[in-house]
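User: Please take a close look at one part of this model, the pocket and what lines it. Follow it into whatever adjoins the subject, including cavities and charged pairs.

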Amino acid sequence: MTDSRKPAISLRKQPKQARSEASVSIILQAAVQVLAKEGATRFTTARVAEKAGVSIGSLYQYFPNKAAILFRLQSDEWKQTTDMLSRLLEDSATPPLQRLRNLVHAFLRSECEEADMRVALDDAAPLYRHAPEARETRQKGEQAIVRFMQEVLPDADDAHRQRVGELITATMSKVGKAFSQTPRTEVEIEAYATAMSDMFCAYLERSG
């Protein structure tokens, strides 16, 4: 019997042909629209299938349940954030602290632009938060932070670098979520990101 508390969240069938990939893309686009309109609590596979214009059977060929769809949306969002984080923090042509500033500005802007979707996905997180696939996805971003901390704090021990990295990422996540819950102007985003960057850079300089 399947444990309803830990639903399967992996794709049931990997799309290997262009037609299958297009079907998955249509389903995911419909899922985004349903999630934005209905929220996580009213999000169902039936609503997604209806919005996508496919049968529920066709949807189940790829996604075994609504948790799998939501995790795919969350995974795509995590991947975008991780790719941005890695690209900005590993830009060796830019001084380390400027890289951090660039990341804070890009992250905060992204949080504000996609606030509605992020809130809905946060509401759905209990469905997949502790799944192995979710941990694996998050670890990629954590590894980029570790490498950056090794570069910016070369003389610190591992425990201190880990603590600094966790404080910065946790603050970014919590502050970004809270800040983006209210519609913001570009001027407000710029000012807030600058202030948060100043705080992080001062902390790193003192830690170093």
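Analyst: Residues fall into three classes: nonpolar (Ala, Val, Leu, Ile, Met, Phe, Trp, Tyr, Cys, Pro), charged (Asp, Glu, Lys, Arg) and polar, which takes the others, including Gly. The model is predicted, with local features needing pLDDT of at least 70 and side-chain atom pairs pLDDT 80 or more, while totals for chains, interfaces and linings use all residues. Residues are numbered from 1 along each chain as its sequence is written, and side-chain values use heavy atoms, without hydrogens or water.

By class, the lining of the largest pocket divides into 15 nonpolar, 12 polar and 12 charged residues. A pocket is an open set of points on a 1 Å grid over the protein atoms alone, with protein on both sides within 12 Å along at least five of seven lines; a cavity is a set where a 1.4 Å probe fits but cannot get out, and lining residues have an atom within 4 Å of a point. Points join across faces, edges and corners, and volume is the space filled by probe spheres set on them.

The largest pocket holds about 1,300 Å³ of space. Its lining consists of 39 residues, and those nearest the centre are Trp78, Arg138, Glu142, Thr169 and Ser173. Two or more lining residues come from each of helix 4, helix 5, helix 6 (115–124), helix 7 and helix 8. Helices are DSSP runs (H or I, at least four residues), numbered from the N terminus. Helix 8 provides the largest share of this lining, 12 residues.

Now the enclosed space. The search of the whole structure gives 1 cavity of 30 Å³ or more. The volume of the largest cavity is about 50 Å³. Leu89, Leu100, Leu103, Ile145, Phe148, Met149, Ile168, Thr169 and Met172 line the largest cavity. Helix 5 (96–113), helix 7 (132–152) and helix 8 (158–180) each give two or more residues to that lining, and these three helices also do so for the largest pocket. Thr169 appears in both places: it lines the cavity and is one of the residues nearest the centre of the pocket. The lining of the largest cavity has 8 nonpolar residues, 1 polar residue and no charged ones, whereas the lining of the largest pocket includes 12 charged residues.

Helix 4 (residues 66–89), one of the pocket-lining elements, carries lysine 79 and aspartate 83, 4 residues apart and separated by about one helical turn. Their side chains form a salt bridge, 2.8 Å from N to O; the term means a side-chain nitrogen of Lys or Arg within 4 Å of a carboxyl oxygen of Asp or Glu. Lysine 79 is exposed at 51% relative accessible area, and aspartate 83 is partly exposed at 38%; buried means under 20%, exposed over 50% and partly exposed in between (1.4 Å probe, protein chains only).

Helix 5, which lines both spaces, also takes part in a salt bridge. Arginine 109 in helix 5 and glutamate 190 in helix 9 are 81 residues apart, a link between distant parts of the chain. Their side chains meet at 3.6 Å, N to O. Both are partly exposed, glutamate 190 at 37% and arginine 109 at 23%. Glu186 joins Arg109 and Glu190 in a network of salt bridges.

Another pair is glutamate 38 and arginine 42, whose closest N and O atoms are 3.0 Å apart in a salt bridge. Glutamate 38 is partly exposed at 23% relative accessible area, as is arginine 42 at 44%. The salt bridge count comes to 9.
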